[in-house]
Amino acid sequence: MGNLALQLPAFDSAPAGLLADELITDPGIDRILRAVRGHLGVDIAFVSRYVENEQRELTHVSSDLDLPMGPGFREDRENTYCWHILNGRLPELIQDPVDYPLTQTLEITDFLPVGCHVNTPLRLADGTVWGSFCALGRQPDRSMNLRDLEILKSFAGLVGERIEASLEEDVALRHARQRVEAMLDGHAVTMFQQPIHDLKSGKPVGVECLARFPDLNKRGPQAWFDDAERTGLGNELEMTAVRCALDTVGQVPDGIYAAINASPATILSGKLREVLEEAQAPDLVIEITEHQQVSDFNALAREIAALKPFAKIAIDDVGTGYAGLRHLIELQPDILKMDMLLTRNCNIDPARRAIAAAMVQFSHDIGAKLVAEGIENDLERDVMQDLGVDYGQGYLFARPLPVVAAQQHLLGVVME
């Protein structure tokens with residue numbers, strides 16, 4: 001059994017972030033430990049893992065007692081029952097430590113004290129020993145039997161599944177972070193531009209700059225930004241896309257605006273303002289994309305006000321996103337973008353037309369242009385035009401295009 005130690009993972013490279021935060025605070029494991037105590041009638045139940053420097057660390061502890069140790073407590077693994085059980089020196093079920101001379105050499109026996117002890121190793125799917133699952137009482141219990149051990153192992157299996165899922169998620173997060181980090185120099189990011197047209201004249205008035213990443217057919221742009229957000233690189237990837245977009249706006253013909261997307265979090269960071277101040281590019285629009293509630297609206301309003309010398313402000317997903325009336329009034333946007341959910345099938349849905357009509361009136365009242373996104377056919381365009389919507393964007397006019405192709409579209413160049 002001694003060679004089991006060779007199967008232990010390389011703990012000095014174990015990802016601390018997920019294990020320290022999400023796994024160790026997992027309330028599901030705490031509930032399982034309480035259930036074990038109830039079923040076995042013991043004082044203490046805990047989960048531990050083997051870590052670097054030949055130590056054992058407690059990750060979850062359940063007890064009604066005032067214990068001298070809790071989650072995060074570390075000790076040499078050689079001083080633990082768990083380690084000796086793993087290596088076959090002690091049995092998994094101990095009714096009374098006096099039956100086993102080795103227990104009398106371990107400080108923990110008198111420290112707690114340990115009266116009865118039942119334990120099973122926690123193994124990952126590949127057989128690797130991750131740690132141990134343990135329950136113990138302060139008094140000996142000769143009635144404890146193999147059925148109790150089997151109960152403990154059943155609960156340990158549930159904990160093992162949660163640990164395995166957390167570790168798999170951690171691996172996925174590390175891979176996601178590596179993918180995103182490879183994009184941050186901008187060399188692998190390609191910018192496309194989708195034209196925006198005046199619904200009355202049919203002429204192009206703007207473009208929305210859209211970042212595209214490798215493996216587009218497998219992973220869309222939103223998947224990349226989602227990866228960035230969950231790995232703590234959301235602002236960094238957005239700013240990479242902003243810089244790449246700014247590199248392309250010089251190819252947009254005069255008098256046509258270029259819209260660049262930015263989330264409230266990126267705007268609040270102040271980095272966007274610094275980049276725009278340095279770029280001093282004409283006819284810019286910052287399109288505020290909102291997929292999360294804004295935690296500090298006043299701070300966002302101040303930062304947006306500081307952006308206005310360098311760009312006009314558009315608010316995306318109006319009508320379906322988090323952009324409520326307060327946003328629309330206090331941020332004083334120049335452009336409102338109506339979500340495509342309100343555009344699609346508007347020719348056959350009176351509810352969509354009613355909401356769009358109200359937004360037309362509102363946009364005119366505050367002096368903002370209104371863009372209908374997602375126009376795919378002549379009927380949808382005609383309805384939006386009849387309602388008084390100013391601009392349209394969608395596949396009817398053009399799909400997102402490479403920068404040169406977008407430039408030709410905007411100039412009216414017909415490609416063979």
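Me: Phe-213 and Trp-224: buried or exposed?
Reply: Both of them are buried in this model, which is a predicted one.

Me: How do you know that for Phe-213?
Reply: Buried means under 20% relative accessible area. Phe-213 has 5% relative accessibility, so it counts as buried.

Me: How many aromatic pairs are there?
Reply: The count comes to three. One of them is Phe-213 with Trp-224.

Me: What makes Phe-213 and Trp-224 a stacked pair?
Reply: Two numbers do the work here: the ring centres are 5.2 Å apart, and the planes differ by 25 degrees. Centres within 6.5 Å make a pair, and planes under 30 degrees apart count as stacked. The values for Phe-213 and Trp-224 meet both cut-offs, so stacked is the word.

Me: Where do these two sit along the chain?
Reply: Phe-213 is in the loop between strand E8 (204-212) and helix H6 (221-230), while Trp-224 belongs to helix H6. They are 11 residues apart.

Me: Why is the pair of Phe-213 and Phe-225 given another label?
Reply: Look at the angle: the planes stand at 80 degrees, with the centres 5.5 Å apart. Over 60 degrees counts as edge-to-face, so that is the name for this pair. Phe-225 is in helix H6 and Phe-213 in the loop between E8 and H6, so the pair ties together parts 12 residues apart in sequence. Phe-213, Trp-224 and Phe-225 form one aromatic cluster.

Me: And what about the accessibility of Phe-225: how is it classed?
Reply: Its relative accessible area is 22%. Buried ends at 20% and exposed starts over 50%, so Phe-225 is partly exposed.

Me: Let's turn to helices. Why is H2 called roughly antiparallel to H5?
Reply: Helix H2 (residues 27-40) and helix H5 (residues 146-181) pack at about 175 degrees, their axes 10 Å apart. Over 145 degrees counts as roughly antiparallel, so H2 earns that name relative to H5.

Me: Which residues meet there?
Reply: From H2, they include Ile-29, Ile-32 and Val-36; from H5, Ile-151, Leu-152 and Phe-155 are among them. The H2 contact with H5 has 10 nonpolar, two polar and two charged residues.

Me: How confident is the predictor?
Reply: The chain averages a pLDDT of 89, and 91% of the residues score at least 70. Among the elements, strand E4 (residues 93-94) has the highest mean, 98, and helix H1 (residues 16-23) the lowest, 46. Over residues 1-20 the pLDDT is below 50. Where pLDDT is low, the predicted coordinates should not be read in detail.

Terms used:
Residues numbered from 1 in each chain as written. Predicted model: local features only at pLDDT ≥ 70, side-chain atom pairs only at ≥ 80, totals over all residues. Heavy atoms only, no water. Axes fitted to C-alpha atoms, helices over the stretch in contact; angles between N-to-C directions. Helix = DSSP H or I, 4+ residues; strand = E, 2+ residues; numbered from the N terminus. Parallel < 35°, antiparallel > 145°, perpendicular 65-115°, else oblique. Contact = heavy atoms within 4.5 Å. Nonpolar A, V, L, I, M, F, W, Y, C, P; charged D, E, K, R; others polar. pLDDT = per-residue confidence, 0-100. Phe/Tyr/Trp six-rings, centres within 6.5 Å; stacked < 30°, edge-to-face > 60°. Buried < 20%, exposed > 50% of the residue type's maximum accessible area, 1.4 Å probe, protein only.
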